[in-house]
Every structure is written in C-alpha cells, then in structure tokens.
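Please open the model in your viewer and keep the selection panel at hand. The tour below goes from one selection to the next and says what is found at each stop.

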Amino acid sequence: MTGQQRPRVVIVGAGFAGLFAARGLRQANVDVTLIDRHNYHLFQPLLYQVATAGLAPSDVAWPIRHVLNRQENVTVMLDHVIDVDVEAREVVTRQRRIPYDYLVLAAGARHDYFGHDDWARFAPGLKTIDDATFMRRRILLAFEQAEMCGDLAERQRLMTFVVVGAGPTGVELAGTIAELARRTLSRDFRRIDSRSAHVILVEAGPRILSAFSAGSSAYALRSLEKLGVDVRLEHSVSVCDADGVIVNGARLRSATVLWAAGVRASRAGQWLEAATDRAGRVAVGPELRVPGHDDIFVIGDAAAVH
C-alpha cells in the first residue's frame, strides 16, 4: 500500500449489518467497496407480507446505490462472492478478485433443511424477494386451483397449508395466511369457501416463539388459535414431498408446504477455514474480529460472539 492510498475496506453483504457498517464508515478516511448479489437492500422482517400479498416487493426493497449515493467513499458492486483468499487478502467473486486491507463479512444466513436439502423443491423458504413472490404465487394459485377442482379430496389438499417451524417467520406466515383466507378472500370465490382453508403450523419444540418469553409465546399461541390456525407442538417432519409432509408418522396432504424451521449461516466460515458453531456462524471476539486475523471481521447473522 502506497503512502497516498487510503485503506481499502471490503464489505460483503448489504443486509442490515453490512449496510450499517458501510454507513458507519462515512466519515472515515477509507475507501469502501460494498458487494452484494442483489442491487437492493431488503427489509426482511416484512417479507412475509409480500409472500401473503399484503405488500408489493417495492415496499420492502430499496436500491443500495440510492441509499448510499451521497456517501462518496463507497463503491457498490453487484457480484456473487464465492471465496476469500486470506493469504492474498482478496475477495474472490464470480467475475473478479478484489483486494482488501480490512474485510467485513456480513453475508447473513440461508435456509437450513437439517440434512434434507432435497426438501427445498417441495417446501420453499423465505429469505429473498424471489422467495416471497414465488411463495405468494403458490398460495394464491392454490385457491384458484381449488375453485376449479371438482374432486373433494384434492380440493381439501389444495386448501391445506402447512408451515414448518414456529419461529417469528413461521408464526407470521401462518397467521397471515389464515387472515388472507378468512377475511381478504372470503368474498372472492363462488365454488369454494376460502374460510374453510386449513392452516397448520408444525413445531418440533414444546412452544412457539421459543426465543421469546413464555408470556409472549402464550399470547401468540392464543392469537393464532383465534385465527383458526391448527398449531401442532412437539411434531417433527420426517418426510416432505409433492403430496405434503409426514409429521409424527401421520401424513398431512397439502399442496402448499412452507419452510420456516431453521437457518444456517452463510459460507463465511468455509471461506476463512475458521471455527464455527453448529449453525455455521463464525466464532468471533467482542470486537467481532476473527481470531488470528486482525484484518477480518464477521458481523450480523454470520457471527457467534464469544
């Protein structure tokens, strides 16, 4: 690095962590490169509203370049990171190698099917705009197909919605699908009663929203039950296929199975060959530095602070 060159900071991921890291460096004497595979920042907490036709995609996504257009020390790059060359101090993407003096990995998390990745084709998860629009299409088409279906058993399968996992995303999805069926669509069809849709929320643990207090969990459970959601606790999925799922040995026939059961951290740990926890999060210290690499930080969902 020459005496005139400013330190180069590369940030991978423009989610909440990466975007706030970039904005936090706006007064710093550094040159920042922010890399993301999408050209928008996603407000993920409201993604379920897009998936259930409550919001348009544009309501929860903002162009990264527009958000940062007044920050002169930031360059936004649309690319897909595939590795990190720690020895060369370069980020490797599908198109180029980008040198860094400091690296911030904020690559977030992905779906975790607990060793059953083949289930993804039958039970989509919810992490991106594309996930949400695909999920919305499946939900709405299920009602349309039920309207045209003369076979009662098949109609019942089409109007059965199974959500696997009762964390925040699963609870929001199940509750909003129930509201969609019982309120929003209740007068839109002639041959079916959308209010008869069966929404089932499957959770392997003893309560929903296990990361929240017992009181909040109980309140959410009562709210779901008032909406008509069939909540099944301590029920585990053993099979997921085109006909639905098998839960605790019993077949639940459903044309729409949605996955909200777990997430796994990005591949940052593999790129760095660093220690990770069971969810793939990189072990970092209180300053979010990777042990043995003072120039590399891992933040957000990809980090496990020790």
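Two strands are taken to pair here if DSSP finds at least two bridges between them. With that criterion in mind, and bearing in mind that this is a predicted model, select the three strands that form an open sheet in the order β14-β15-β16, where the pairing is antiparallel. Colour residues 237–241 for β14 and 250–253 for β16: these two strands stand at the edges, each with a single partner strand, so one side of each is left without a neighbour in the sheet. From one strand to the next, the twist averages 20 degrees.

Next, restrict the selection to β15, residues 244–247, together with β16, and you will have a pair that runs in the antiparallel sense over 4 bridges. Val-247 is a convenient residue to label, and its bridge partner in β16 is Ala-250.

Keep β16 on display and add the side chains of Asp-243 and Arg-253, which meet in a salt bridge with an N to O distance of 3.3 Å. This pair links distant parts of the chain, since Asp-243 lies in the loop between β14 and β15 while Arg-253 belongs to strand β16, 10 residues apart. Are these two side chains buried or exposed, or something in between? Asp-243 has a relative accessible area of 25% and is therefore partly exposed, and Arg-253, at 36% relative accessibility, also counts as partly exposed. Now add Glu-154 and Arg-157 to the selection, because salt bridges that share partners join Glu-154, Arg-157, Asp-243 and Arg-253 into one network.

A further stop is the pair Asp-230 and Arg-232, whose side chains meet in a salt bridge at 2.9 Å, N to O. Asp-230 is partly exposed, with a relative accessible area of 23%, and Arg-232 counts as partly exposed at 23% relative accessibility.

Then move to Asp-31 and Arg-6, where the side chains form a salt bridge with an N to O distance of 2.7 Å. Here too the pair links distant parts of the chain, with Asp-31 in strand β2 (residues 31–36) and Arg-6 in the segment before β1 (8–12), 25 residues apart. Asp-31 counts as partly exposed at 32% relative accessibility, and Arg-6 is partly exposed with a relative accessible area of 28%. The salt bridges visited on this tour are among the 15 that the structure holds.

For a contrast in chemistry, select Phe-16, Phe-20, Phe-43, Leu-46, Trp-62 and Val-67 and switch on a surface representation: these residues form a nonpolar patch on the surface, with about 510 Å² of accessible area together. Within that selection, Leu-46 is found in the loop between β3 (40–42) and α2 (47–51), and at 31% relative accessibility Leu-46 counts as partly exposed.

Finally, zoom out to the whole protein chain, which has 8 helices and 22 strands and whose C-alpha atoms fill a box of roughly 75 × 35 × 35 Å along the principal axes. Of its 306 residues, 45% count as buried, and the chain exposes about 15800 Å², of which carbon and sulfur atoms supply 49%. If you compute a contact map, residues 24 or more positions apart account for 59% of the contacts with a separation of 6 or more.

Definitions and conventions:
Residues numbered from 1 in each chain as written. Predicted model: local features only at pLDDT ≥ 70, side-chain atom pairs only at ≥ 80, totals over all residues. Heavy atoms only, no water. Axes fitted to C-alpha atoms, helices over the stretch in contact; angles between N-to-C directions. Patch = residues over 30% accessible without salt bridge, like charges linked within 9 Å, V, L, I, M, F, W, Y side chains within 5 Å. Areas by Shrake-Rupley, 256 points an atom, 1.4 Å probe, with all protein chains shown as cover. Salt bridge = Lys/Arg side-chain N within 4 Å of Asp/Glu carboxyl O. Buried < 20%, exposed > 50% of the residue type's maximum accessible area, 1.4 Å probe, protein only. Contact = heavy atoms within 4.5 Å.
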